[in-house]
Amino acid sequence: MPEVPVDVAIVGAGPAGVAAGIGAREAGAKEVLVLERDWDLGGILQQCIHPGFGLRTFKEELTGPEFMHRWIERAHGAGVRFSTNTMVFSMDDDGSLWTMNPHRGIEHVVPKAVVLAMGCRERPAGAIKLTGTRGAGIYTAGTAQRFVNMEGLLPGKRVVILGSGDIGLIMARRMIWEGAEVEGVYEIMPWAGGLRRNVAQCLDDFHIPFHLEHAVLSTHGRDRLEGVTVAKIDAQRRPVEGTERYVPCDTLLLAVGLIPENELSRMAGVAIHPGTGGPVVNQFLQTSKPQIFAAGNVVIVYDLADNVSDEGMRAGRNAALYAAGDLPCGGRRFEIKGGKAVRLFSPQWITDGGDATVFFRVVRPFECRCKVFADHGLFSQTHRYARPGEMNEVHLSARDLRSLDPGVTSLTVDVEEV
Amino acid sequence: MTAGNYDVLIVGGGITGATLARELSAFDLRVAVLDKAGDLPSGASRANSGMLHAGYDDKPGTVKARFCAPGNKRYRELHEMLDFTLRPWGSYVCAFSEADCRHLEKLKDQGARNGVPGLDIVPGDVLRRREPQASPHIVAALHAPTGGVVNNFEAVLAFLDNAQQNGVELFLDTEVRRVLLTEGGGEVLGVETSRGIFLAPVIVNAAGTHSGEIAALVGDESIQIRPTRGEYFITDKAIGSMIKSFFFPCPDERGKGVTVARTADGNLLLGPTSVRQGDKDDTATTPQGLAEVMAGALRLVPSIPQELTITSFAGIRAADRTEDFRIGALARPRGFVHMAGIKSPGLTSAPALALHVVELLREELADRISMKPNPHSIPERTHILRFAALTMEERQDLVRQNPAYAQIVCRCETVTEAQIVEAVRRGARTVASVKMWTRAGSGRCQGGFCCPRVVDILARELHMDPDEVTRHGGPSRLLVGHTKAFWQKREAHHA
């Protein structure tokens with residue numbers, strides 16, 4: 001098989017991968033190759049034609065394709081090479097990649113460092129143990145989004161949405177705009193899965209009923225979906241008797257969670273964190289394999305593309321430094337721990353070799369003033385609220401880390417009411 | 001409207017009809033397979049565990065007991081010739097108590113009488129040495145080395161495909177409404193269907209859950225199908241290698257119980273339940289059923305991670321009231337043959353039943369059809385290339401010949417565009433049939449990524465609008481139209 005040596009190889013050309021390419025080039029890597037299995041660059045943002053992207057990075061409101069366009073232009077300018085229509089079959093434990101492309105056939109890409117930027121996929125109906133019939137008309141929200149926004153095809157006319165992840169909320173509004181009726185959004189938790197702003201702009205503004213602590217119990221209709229049974233559920237997630245209701249609909253969209261896509265990572269023996277479903281990383285986005293880095297939703301599912309591309313830049317830069325033998329290693333090591341209010345977090349460990357940001361989600365909403373902090377007085381910030389649908393950040397400086405007592409080996413991040 | 005003249009009409013294109021069609025294609029006969037479904041396999045042949053039973057379960061003297069072990073053997077003879085996936089992984093019936101152990105002895109004895117080779121009872125710790133994930137509470141297990149598993153979609157498609165290559169005609173969306181008889185009702189003439197009249201001197205009832213209705217069309221009320229639903233889970237392939245074979249609990253009066261099996265493609269399959277119901281086509285899953293499946297599976301293999309299910313489904317067993325297969329030619333009307341009541345182990349028995357019915361036609365219906373060999377018949381066929389199973393070198397060669405092999409459509413199962421185009425060429429018309437032919441959409445994302453691409457390819461290859469593509473035929477359209485269709489119509493009107 002032909003061998004393709006590069007300095008940094010990046011798997012995936014979504015917001016994480018494209019930014020990683022730029023980061024790697026700007027940090028001095030010569031040959032930076034981004035491998036993308038789709039025909040076009042941009043990843044899932046190609047189909048996210050709604051506005052709301054780039055408020056942090058570009059200080060203006062862009063659509064997904066516009067946001068990606070800016071990053072892609074910058075990547076071209078920086079000398080990043082892209083290979084689209086290129087499937088990465090497998091990754092060996094040295095980080096080398098087996099790829100396939102219609103023009104070049106199968107190649108063995110051998111990089112000095114790799115950035116994994118495969119993003120995430122949607123949880124299917126089978127994973128949430130949805131019961132009932134399996135007729136046409138049951139889609140994940142992202143699949144429906146592709147049909148509507150990319151293919152110009154309408155999945156249905158009367159829609160029920162299960163789960164309130166951001167794509168589900170966005171699709172509720174989109175289906176209304178396309179002339180469909182959205183009967184309601186049903187969420188098993190007592191709070192929204194997605195961003196508050198999406199609940200306001202996609203549901204409230206269109207008077208779409210939002211039913212918290214409700215489940216879709218079963219689907220009906222053998223050929224095409226004809227309806228669903230919904231019910232209120234109790235704290236044990238059991239249906240509350242007498243609250244079952246039949247809702248006629250021809251479409252059920254699922255927005256019930258995203259799973260980091262780590263099949264390649266597992267093949268190479270990269271350690272996966274059971275909480276996030278992504279690789280265990282340090283603040284340099286370095287996985288358990290020192291030459292393999294990871295960034296974006298493949299690590300932990302973010303709310304904002306800005307976070308993803310920021311992380312991509314950092315991972316790309318660090319991969320380039322690693323390839324050149326310049327990445328700081330060693331130093332004091334600290335395990336990160338989540339406090340009582342923390343559901344999942346990343347990175348899982350850091351060193352005092354550089355500043356670090358820890359991202360985490362809370363287990364329940366704090367609808368009051370609360371303190372987001374790391375122990376040993378390293379960081380504390382007061383917020384007006386903390387919500388499961390919105391990522392929290394804790395910033396730690398290398399200087400503060402170096403000044404900690406020699407006995408300190410772990411750091412806890414948490415949220416408390418104030 | 002007459003659709004044609006044939007020698008044999010097979011009503012039902014499930015595993016029973018498919019294996020018979022393939023055996024008959026070795027003879028110089030005009031054979032048609034009629035099925036009311038929009039894609040095949042449908043019904044019980046589509047939704048089952050894919051298991052090749054060894055043959056110890058059935059009471060000696062029953063028709064099931066007679067054909068199960070020979071059917072199992074026949075699959076092993078045919079699977080390479082017909083290129084469908086068969087895994088001879090063996091099976092265990094697990095005992096949790098003294099009473100269960102006595103039952104294992106009974107099964108072993110039954111198996112010996114049914115001609116099942118190699119049965120052996122092993123203590124629990126021997127089982128756990130071979131299968132470390134087996135429950136610590138299992139005290140002994142009956143090992144059946146001839147137990148196995150097939151990809152049931154591939155098996156049905158392989159038999160049908162080979163039959164079609166040898167001239168058998170397949171008619172989908174063709175529902176039999178009436179059986180045409182001679183005056184006085186003594187002999188069959190043919191059938192009237194939703195797509196016209198098919199004439200033939202021999203009609204075989206292989207209609208699965210609907211074989212009772214087909215029998216009733218000739219006034220035979222003796223076949224009464226009591227549909228029994230079984231629910232299943234399929235898990236992510238990531239945990240498929242937890243076990244090497246498959247596990248049954250000790251059977252009870254309801255059936256073989258909830259099993260844990262490694263599928264032919266490397267997933268885990270958990271199930272089935274066994275619940276009698278009135279409806280012959282209701283394959284909805286239920287919270288109670290799936291809870292029972294999970295509990296039953298965890299009893300055998302406690303370490304199964306419950307969050308790794310990727311889909312669930314239900315199938316209907318076509319059990320006759322006698323709980324046995326109903327095979328034979330009717331005395332009146334002459335020319336009408338039953339292959340009915342095909343419940344478990346029906347998948348396993350089918351190829352042996354097919355050989356039996358060929359003999360039956362030769363011996364009992366020689367006055368109606370003449371069974372001369374078909375000199376052009378070819379007993380082998382190959383499946384659509386399984387790209388995912390090839391080495392890098394083999395893939396490289398293919399891609400150089402045809403770049404469509406480098407277009408991965410289903411990322412989870414590594415299915416290429418070239419395979420899907422070939423599936424359409426061989427008769428796939430729906431998203432589900434593409435899945436059954438190629439596995440596109442059967443992976444961990446369950447078609448989340450590839451469904452729009454498959455719709456696109458089907459529409460392109462079949463010259464239809466994407467919004468006409470169906471999930472599984474009939475009214476199962478995936479899309480209801482185009483976006484902005486209202487405006488497009490208005491513009492067209494103004495232009």
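**Two chains, their interface and the pairs that tie them**

In this predicted model, 48 residues of chain A are in contact with 56 residues of chain B. The size of an interface is often given as the accessible area lost when the parts come together. For chain A and chain B that figure is about 4300 Å², with 59% of it on carbon and sulfur atoms. Salt bridges between the two chains number 3, and one of the pairs that bridge them is B:Asp279 with A:Arg222, where the closest N and O atoms sit 2.6 Å apart. Polar contacts add to the picture: 19 residue pairs, both partners at pLDDT 80 or more, are in polar contact between chain A and chain B.

Which parts of chain A do the touching? Elements giving two or more residues to the side that meets chain B are β6 (87-91), β7, β8, β9 (120-122), β10 (131-132), β11 (138-140), α3 (141-150) and β12 (153-154) of chain A. The largest share, 4 residues, comes from α3(A). Sorted by character, the residues on this side of chain A come out as 20 nonpolar, 13 polar and 15 charged. There is strand pairing between the chains as well: β12(A) lines up with strand β25 (residues 481-482) of chain B in the antiparallel sense, over 2 bridges. Here A:Leu153 stands opposite B:His482.

Strand β8 (residues 105-116) of chain A, one of the elements listed for the interface, also has plenty going on within its own chain. Because 10 of its 12 residues are buried, β8(A) is largely enclosed by the rest of the structure. Strand β1 (residues 3-11) of chain A pairs with β8(A) in the parallel sense over 8 bridges, and in that pairing A:Val8 faces A:Ala113. Strand β7 (residues 97-101) of chain A pairs with β8(A) too, this time antiparallel and over 5 bridges; A:Thr99 has A:Glu107 as its bridge partner in β8(A). With 3 residues between them, β7(A) and β8(A) make a hairpin. Strand β21 (residues 292-294) of chain A is another parallel partner of β8(A), joined over 3 bridges, with A:Val114 opposite A:Ile292.

Over in chain B, what covers strand β17 (residues 259-262) can be read from its two faces. B:Thr259 and B:Ala261 on one side are buried, and so are B:Val260 and B:Arg262 on the other, so to speak a strand with both faces covered. Strand β16 (residues 246-249) of chain B pairs antiparallel with β17(B) over 2 bridges, and B:Phe246 stands opposite B:Ala261. Strand β18 (residues 268-271) of chain B also runs antiparallel to β17(B), joined to it by 4 bridges. B:Ala261 turns up again in this pairing, opposite B:Leu269. The link from β17(B) to β18(B) is a hairpin with 5 residues between the strands, and B:Gly266 in the turn has a positive phi of about 95 degrees.

Back to charged side chains. Side chains of opposite charge can pair when their charged atoms come close. A search of the whole structure turns up 52 salt bridges over all chains. One of them joins A:Glu367 to A:Arg387, with the closest N and O atoms 3.0 Å apart. This pair links distant parts of the chain, 20 residues apart: A:Glu367 is in the loop between β25 (356-362) and β26 (370-374) of chain A, and A:Arg387 in the loop between β27 (379-383) and β28 (392-396) of chain A. A:Glu367 counts as partly exposed because its relative accessibility is 48%, whereas A:Arg387, at 12%, counts as buried.

In chain B, the side chains of B:Arg426 and B:Asp161 meet in a salt bridge at 2.8 Å, N to O. B:Arg426 lies in the loop between α11 (417-425) and α12 (431-438) of chain B and B:Asp161 in helix α6 (residues 152-165) of chain B, so the bridge ties together parts that are 265 residues apart in sequence. B:Arg426 and B:Asp161 are both buried.

B:Arg386 and B:Asp83 make another salt bridge, their closest N and O atoms 3.0 Å apart. The two are 303 residues apart, B:Arg386 in the loop between α9 (346-364) and α10 (392-401) of chain B and B:Asp83 in the loop between α3 (63-82) and β5 (86-87) of chain B. Finally, salt bridges link A:Arg37, A:Arg121, A:Glu261, A:Glu263, A:Arg266, B:Asp236 and B:Arg444 in a network.

Key: Residues numbered from 1 in each chain as written. Chains lettered and ligands numbered in written order. Predicted model: local features only at pLDDT ≥ 70, side-chain atom pairs only at ≥ 80, totals over all residues. Heavy atoms only, no water. Buried < 20%, exposed > 50% of the residue type's maximum accessible area, 1.4 Å probe, protein only. Pairing = 2+ DSSP bridges. Contact = heavy atoms within 4.5 Å. Buried area = accessible area lost by both parts, 1.4 Å probe. Salt bridge = Lys/Arg side-chain N within 4 Å of Asp/Glu carboxyl O. Polar contact = N/O pair within 3.5 Å; in protein donor to acceptor, adjacent residues only side chain to side chain. Nonpolar A, V, L, I, M, F, W, Y, C, P; charged D, E, K, R; others polar.
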